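Biologist: Please take a close look at one part of this chain for me, and then show how that part fits with what surrounds it. I would like one connected account.

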Amino acid sequence: MSAAPAAGKQQQRQGGGAGVPTKRKPVFIKVDQLKPGTSGHTLTVKVVDAKMVMQKGRPTAAHLRLTKIAECLVGDETGTIVFTARNEQVDLMKPGATIILRNAKIDMFKGSMRLAVDKWGRVEVAEPAVFSVKDDNNLSLVEYELVNVVEE
């Protein structure tokens with residue numbers, strides 16, 4: 001009687017329960033589908049503009065890491081949004097470049113949406129896209145207000 005449960009546990013372990021996670025196929029979304037407080041987005045966007053916001057540290061000192069932050073206006077055929085690029089990401093953000101943002105998240109900054117990719121995501125340069133950016137629908141210009149809802 002005790003052999004049956006042990007065999008069941010052995011099968012569970014071999015079944016790949018806690019092994020290598022299976023990769024999901026990315027679901028690409030459009031800029032106009034982004035909502036505050038969401039994450040895990042995969043988008044293909046074009047860089048419209050890139051402005052360096054902050055650059056700290058000395059690149060000559062080996063122990064000090066150079067911190068770079070740039071605000072880049074990126075978009076697709078549905079709209080635009082401000083993307084906050086950090087460190088190595090800044091170098092990829094050249095106006096006119098087509099970029100794939102993987103596992104991107106929405107950060108709120110002064111009531112407006114900003115797109116960001118942290119250490120769990122990836123920014124990669126893609127083949128030039130054929131769409132033209134719709135620049136009259138900037139989602140970062142929409143202000144949001146946090147409202148606490150009290151349920152009774």
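**From a surface patch to an enclosed strand**

Modeller: Val142 is found in the segment that follows β6 (122–125). The model is predicted. With a relative accessible area of 37%, Val142 is partly exposed. Together with Met108 and Tyr144, Val142 makes a nonpolar surface patch of about 240 Å².

Met108 leads to the part I want to examine, since strand β4 covers residues 98–109. β4 and β5 form a hairpin with 2 residues between them, and Lys110 in that turn has a positive phi of about 50 degrees. The two strands run antiparallel and are joined by 5 bridges; Asp107, for example, has Arg114 of β5 as its bridge partner. Strand β3 (residues 79–86) also pairs with β5, but here the strands run parallel and 3 bridges join them. In this pairing Phe83 is matched with Leu115 of β5.

Strand β5 itself spans residues 112–116, and 5 of its 5 residues are buried, so the rest of the structure largely encloses it. In a regular strand, side chains alternate between the two faces of the sheet. In β5, Ser112, Arg114 and Ala116 point one way, while Met113 and Leu115 point the other way.

Leu115 also belongs to the largest nonpolar core, which has 24 residues; Leu34, Ile81, Phe83, Met93, Leu101 and Leu115 are the members that touch the most others. β1 (39–56), β2 (67–76), β3, β4 and β5 each supply at least two residues of this core, and β4 gives the most, with 4 residues. Beyond its neighbours within four places in sequence, Leu101 contacts residues including Phe83, Met93, Leu115, Arg122 and Val123.

Charged pairs accompany these strands. Lys105 and Asp107 form a salt bridge, with the closest N and O atoms 3.6 Å apart. Lys105 is partly exposed, at a relative accessible area of 27%, and Asp107 is partly exposed at 29%. Salt bridges with shared partners also join Arg102, Arg122 and Glu124 into one network. Within it, the side chains of Glu124 and Arg102 meet at 3.0 Å, N to O. That pair links distant parts of the chain, as Glu124 is in strand β6 and Arg102 in strand β4, 22 residues apart.

The whole structure holds 7 salt bridges. One of them joins Glu77 to Lys30, with the closest N and O atoms 2.8 Å apart. Glu77 is in the loop between β2 and β3 and Lys30 in the loop between α1 (3–14) and β1, so this pair ties together parts that are 47 residues apart in sequence.

Terms used: Residues are numbered from 1 along each chain as its sequence is written. This is a predicted model: local features need pLDDT of at least 70, side-chain atom pairs count only at pLDDT 80 or more; totals for chains, interfaces and linings use all residues. Side-chain values use heavy atoms; hydrogens and water are left out. Buried means under 20% relative accessible area, exposed over 50%, partly exposed in between (1.4 Å probe, protein chains only). Two strands pair if DSSP finds at least two bridges between them. Patches are made of residues with over 30% relative accessible area and no salt bridge: like charges are joined within 9 Å, nonpolar side chains (Val, Leu, Ile, Met, Phe, Trp, Tyr) within 5 Å. Accessible areas come from the Shrake-Rupley method with a 1.4 Å probe; for residues, only the protein chains shown count as cover. A salt bridge is a side-chain nitrogen of Lys or Arg within 4 Å of a carboxyl oxygen of Asp or Glu. A nonpolar core is a set of buried Ala, Val, Leu, Ile, Met, Phe, Trp, Tyr and Cys residues joined through side-chain atoms within 4.5 Å. Contact means heavy atoms within 4.5 Å.
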